[in-house]
Amino acid sequence: MTSVDDRHDESAEPRTGTALISPSLAGQVNRARVLQSLYDLGPLSRSDLARLTGATRVMIGTIVQPMLDSGILAEGKARASGASGGKPARPLWFSPSGPPIAAVHIMPGRIDAALIGTAGDIRATASAEYAPHTDGPEMVVDHVVSSLRRVLPTDGAPPLGVGIAVGGMVNTDTGTIVKSSLAPVLTGLDLGPAVTAQIGLPVHLDHHPRAQALGDRWFGQGRGVPSFASIYLADVLGVGLVLDGAVQRGGAGAGGEVGHTTVQLDGLPCHCGQRGCWETIATDRWLREQAARLALPAAQTMTAGALTRLAERGHPGAADLLDTYARNIALGIANLQQVLAPGLYILHGHTTGGGDTLRRAIEHHVHTRVLRHPGNTPRIVFADPQDHATLLGAAGIVLSHALRLIP
Ligand SMILES: [Zn+2]
């Protein structure tokens, strides 16, 4: 038997090991926590931040000074000090004149671009359309660049960078789109380097649902929540996972293909090439096919919202189909809950059109499928359809890189 000592080889480089927390890493984590407190709670003074984070006021000063110097944060007008007296507090908040962020969301056939302030305010938007099966990759790059040029500022602080959320698998290390089943023109496209070459700004790519999760985390219903799942449900199904405050990417961004986990052995064929993926039974497409099978009115354009209204009017078959749809959505959520128990599920996309009727039905089915745990009862919430979570999340990717919150 080999002992631990026998395996130690002085000549070999150690293959594994866990780096200790360096002062710079500790600085990154502390910066992230201070920023998250501001996003969660609004403008805060150094004293507020010290109290909320358990740090000294001097330490908070050290953390925020570089962000004040670079113009990301600004000091507001002094507030009267409290009953205890002392120096009047000056709240810190994101500077309106600070560097903005450019954000892009690429869907099959459509490109949305926006210029966003660090406080999450959308300052300009532009969009373009492309043919996802027939346009060449140069055409897509041109559309992205021209959309960006329409939103980029001509004066003031230069943007921190460009965040691009892609409906497809991405390599976050190289800025390449690895695969997009619904927009084959994107497959293999080195979009990050191509856009940087034309506009001269750092470009960061990420998978659409992960960007959406970041949008929830920084600017939406995930604020102040350490762990949650952000789910996009329309013609496709995607999940971004945040655990203990960190968006989960897997190696080079390979993780997060939750829509393609199997829920039905030998089930329906999926566009990814497998069968029985969660995506095959929980998207708009499934709903349209089932509505057609039941001969429901306007089956070809059926959405969660339209089906809910039919069910509420007592149309035969509609309530049963709605309940089956809720169960199918709940199936994947229950699996996620059993494995990682993020606890909160924020749903985006067309599904939110089903309103509270559908939300409660999904939650009910999730509760019937997970093992009860007194400390973690899963909750389903629907995002505001107009919340721009993905574009905000694309901006969040840039913010994370610019402030070195992503190692
Ligand atoms: Zn699949």
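## Helix H3 and its neighbours

The buried residues of helix H3 pack against two helices, H2 (23–41) and H4 (57–69), and against two strands, S1 (73–75) and S2 (92–94). Keep in mind as you look around that this is a predicted model. H3 itself covers residues 46–53, and its buried residues are Arg46, Asp48, Leu49 and Ala50. Just after the helix comes glycine 54, with a positive phi of about 70 degrees.

H3 also holds a salt bridge, in which the side chains of aspartate 48 and arginine 51 meet at 3.2 Å, N to O. The two residues are three apart in the helix, so about one helical turn separates them. Are the partners buried or exposed? Aspartate 48 has 15% relative accessibility and counts as buried, while arginine 51, at 61%, counts as exposed.

## The domains of the chain

The domain assignment gives domain 1 as 23–80 + 88–94, domain 2 as 101–214 + 390–402, and domain 3 as 225–386. Taken over C-alpha atoms, the centres of domain 2 and domain 3 are 26 Å apart. Their contact takes 16 residues from domain 2 and 20 residues from domain 3.

## Where domain 2 meets domain 3

Between them, domain 2 and domain 3 bury about 1,400 Å², with 57% of that area on carbon and sulfur atoms. Which residues of domain 2 lose the most area to domain 3? They are Arg210, Gln212 and Ala213, which together make up 39% of what the domain 2 side buries.

One salt bridge is counted between domain 2 and domain 3. Aspartate 206 forms a salt bridge with arginine 249, and their closest N and O atoms are 2.6 Å apart. The count of residue pairs in polar contact between domain 2 and domain 3 is four. On the side of domain 2 that touches domain 3, strand S7 (169–171), strand S9 (203–207) and helix H7 (208–219) each supply at least two residues. The largest share comes from H7, with six residues. By class, this side of domain 2 has six nonpolar, six polar and four charged residues.

## More salt bridges to find

The full count comes to twelve salt bridges. One of them joins arginine 90 and glutamate 75, whose side chains meet at 3.8 Å, N to O. Arginine 90 sits in the loop between S1 and S2, and glutamate 75 in strand S1, so this pair ties together parts 15 residues apart in sequence. Both partners are partly exposed, arginine 90 with a relative accessible area of 39% and glutamate 75 with 32%.

Another pair lies in helix H9 (residues 284–293), where glutamate 289 and arginine 285 are four residues apart, about one helical turn. Their side chains meet in a salt bridge at 3.5 Å, N to O. Glutamate 289 counts as partly exposed at 42% relative accessibility, and so does arginine 285 at 48%. You can also look for a network of salt bridges that links Asp356, Arg359, Arg360 and Glu363.

## A stop at threonine 308

Threonine 308 is found in helix H10 (residues 304–312). Its relative accessible area is 4%, so this residue is buried. Leaving aside residues up to four places away in sequence, what does threonine 308 touch? Its contacts are Leu322, Gly354 and Thr357.

For a sense of distance, compare threonine 308 with glycine 61: the two are 247 residues apart in sequence and 53 Å apart in space, C-alpha to C-alpha.

Technical notes
Residues numbered from 1 in each chain as written. Predicted model: local features only at pLDDT ≥ 70, side-chain atom pairs only at ≥ 80, totals over all residues. Heavy atoms only, no water. Buried < 20%, exposed > 50% of the residue type's maximum accessible area, 1.4 Å probe, protein only. Contact = heavy atoms within 4.5 Å. Domains from an automatic or database assignment. Buried area = accessible area lost by both parts, 1.4 Å probe. Salt bridge = Lys/Arg side-chain N within 4 Å of Asp/Glu carboxyl O. Polar contact = N/O pair within 3.5 Å; in protein donor to acceptor, adjacent residues only side chain to side chain. Nonpolar A, V, L, I, M, F, W, Y, C, P; charged D, E, K, R; others polar.
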